[in-house]
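Open the model in your viewer and keep the selection box ready. We will go stop by stop.

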Amino acid sequence: MSYQVLARKWRPRKFAEMVGQEHVLRALINALDNDRLHHAYLFTGTRGVGKTTVARIFAKSLNCENGVSAEPCGECSTCLEIDEGRFVDLIEVDAASRTKVEDTRELLDNVQYAPTRGRYKVYLVDEVHMLSAHSFNALLKTLEEPPPHVKFLLATTDPQKLPATVLSRCLQFNLKRMPLPLIAGHLGTLLKAESIEFEDAALRLLARAADGSMRDALSLLDQSIAFGGGVVNEAEVRTMLGSIEQAHVVELLRALAATDAPALMQVVEQVSQQSPDYQGLLAELLSSLQQIAIAQTVPEAVDENLDQREALLNLATQIAAEDVQLYYQIGLIGRRDLPLSPDQRGGLEMILLRMLAFRPAAVRVDESGTHPQTVASTKRKADVQPVDVRPALAKQAATTTTAAASDDWSSLVERMQLKGVVRELAMNCAIQKRDNAHWSMSLDSSHQQLLSKERQQRLQEALCDCLQKSVKLDIELAGDDDMTPARRQQLEAATRQAAAVDTIEADTNVKAIQKAFDATLHPDSIRPLDS
């Protein structure tokens, strides 16, 4: 008997054998068990995540001779014929090769006829987004009101290309990409069943290369078994995939931590002897930087099965968190630009040197060789403290005869919870005179457009509600020298801004940067911490 590839040999034949996609399986199982069946289903997701597999199992559940159930027997002639791909009432259509409207019409001409053997006539249309606009138009009416004996199962990797009229007539299920641990675990289960020796690290490499596709993972596993002569081990899988040993990535990170450009170039030279995939090497570097960032923030979240885990945890204590984020961002942009470089190796070297060149000047290895400390961060905590504006406000209050009244009025404005133009009117008023039943207010003449009888009346009503007593409110225009709540806020903001500018200008790190780069400080770009 000829060899059967793993992807076909171990293709699930029941929902219980499916790996992942629980959110889709749960909905389909409940629909089958409760006899709540729709006439059209759309399965979406990237390649190799189980779209057509789910559709075939669903077709088997609909037509099993033992009745409609989420657990087809798998032994009756219908189940066996569906598994073997020769069931006459399961019509599988590759939309990529049958895009013409004539093909679709020919297909739909047979919809009206009852199924030959099964309970339902099932149309499984793969890559349905490849149909032409005319084909979709021909399909619409049948898709909306099909005969009771017909079910449509549509699958696509690109649902955005489907017309909204088709989407609205289907129940849509989005199959997710498979997580790496799930793929690696399933590969291990299959290899044990096949009695093939393997290493866990090799399976993790295959799972990462599969990029969320179980079918791709099984194809790569077939290739690795052939490459390794019946054994799946890490070294040979790396060679097959063109992957770089994690030890080389760690050496690159150590050279970055030490800001040692010659060591960086030496590691790249060693790696280049293996004719590596430089895109893959950069991806591995970014993945390691991500794990270091996690280790610095949430150490317990670092993957226990991670290659070189202890080395990465150690690097997390050697590289400043700011540098990790900088390296990651530079590497991410560099990965996009790497294909544009004249030479892949040269492009990688430029990305690594850029990481060193753009490090903050305040974060360097000192002459004694000790680890770089985040001087800027430390001094920022010490020097840039929230500014206390109370002395400045007290000075302003001492020179303003209406300061106490202004304070009182400002608090009342907040308590009244005014909104819109009425609040703006209150914010630009100041108390001139008041007694129990009569209040006299002055309005900044530059805001006279805010004053009207209606707004004055609404402000008076809000004041009465706040004070729980009857008050008559008079507002007259006056000069702009009164301490209104709006002017008070402006003074506070100006005081905080001035203090922030003074603090930044006095900062030793800022002065050093200005001197080193002949830089100019723009006060308008500075904001207080609480702004």
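Buried means under 20% relative accessible area, exposed means over 50%, and partly exposed lies in between, with a 1.4 Å probe and protein chains only. Helices (H or I, at least four residues) and strands (E, at least two) are DSSP runs, numbered from the N terminus. This is a predicted model, in which local features need pLDDT of at least 70 and side-chain atom pairs count only at pLDDT 80 or more, while totals for chains, interfaces and linings use all residues. Residues are numbered from 1 along each chain as its sequence is written, and side-chain values use heavy atoms, with hydrogens and water left out.

**Stop 1: a covered helix**

Select residues 200–210. This is helix α9, and it is mostly covered. How many of its 11 residues are buried? The count is 8. They are A201, A202, L203, R204, L205, L206, A207 and A210. Now show α8 (180–193), α10 (214–227) and α11 (234–241). These helices are among what covers the buried residues of α9, where contact means heavy atoms within 4.5 Å. Next, click D211. It follows α9, and its phi is positive, near 55 degrees.

**Stop 2: the largest nonpolar core**

A nonpolar core is a set of buried Ala, Val, Leu, Ile, Met, Phe, Trp, Tyr and Cys residues joined through side-chain atoms within 4.5 Å. The largest one here has 36 residues. Select L252, L253, L281, L285, L315, L352 and M355, which touch the most other members. Then colour the helices α12 (246–257), α13 (261–272), α14 (278–297), α15 (309–316), α16 (321–337) and α17 (344–357). Each supplies at least two residues of this core. The largest share, 9 residues, comes from α14.

Zoom in on L285. Leaving aside residues up to four places away in sequence, L285 touches V249, L252, L253, L352 and M355. Apart from this core lies another, of 25 residues. Among its members are L28, F43, V54 and L175.

**Stop 3: the aromatic rings**

A pair of aromatic rings is described by the distance of the centres and the angle of the planes. Rings of Phe, Tyr and Trp (its six-membered ring) pair if their centres lie within 6.5 Å; planes under 30 degrees apart count as stacked, over 60 as edge-to-face and the rest as tilted. By this rule there are 5 aromatic pairs.

Select Y41 and F173. Their ring centres are 6.1 Å apart and their planes stand at 20 degrees, so the pair is stacked. Y41 sits in strand β1 (residues 40–44) and F173 in strand β5 (residues 171–174), 132 residues apart. Both Y41 and F173 are buried.

Swap Y41 for F43. The rings of F43 and F173 have centres 5.9 Å apart and planes at 25 degrees, so this pair is stacked. It links β1 with β5, across 130 residues. F43 counts as buried because its relative accessibility is 0%. Finally, add F58: Y41, F43, F58 and F173 form one aromatic cluster.

**Stop 4: the largest cavity**

On a 1 Å grid over the protein atoms alone, a cavity is a set of points where a 1.4 Å probe fits but cannot get out, and lining residues have an atom within 4 Å of a point. Grid points are joined across faces, edges and corners, and a volume is the space filled by probe spheres set on the points. The count is 3 cavities of 30 Å³ or more. The largest holds about 100 Å³ of space.

Select V93, R98, D103, T104, L107, V125, V128, L131, L139, F152 and L154, which line the largest cavity. Which helix gives the most to this lining? That is α5, with 3 residues.

Definitions and conventions: 1 Å grid on protein atoms, 1.4 Å probe; cavity = no way out; pocket = protein on both sides within 12 Å on 5 of 7 lines; lining within 4 Å.
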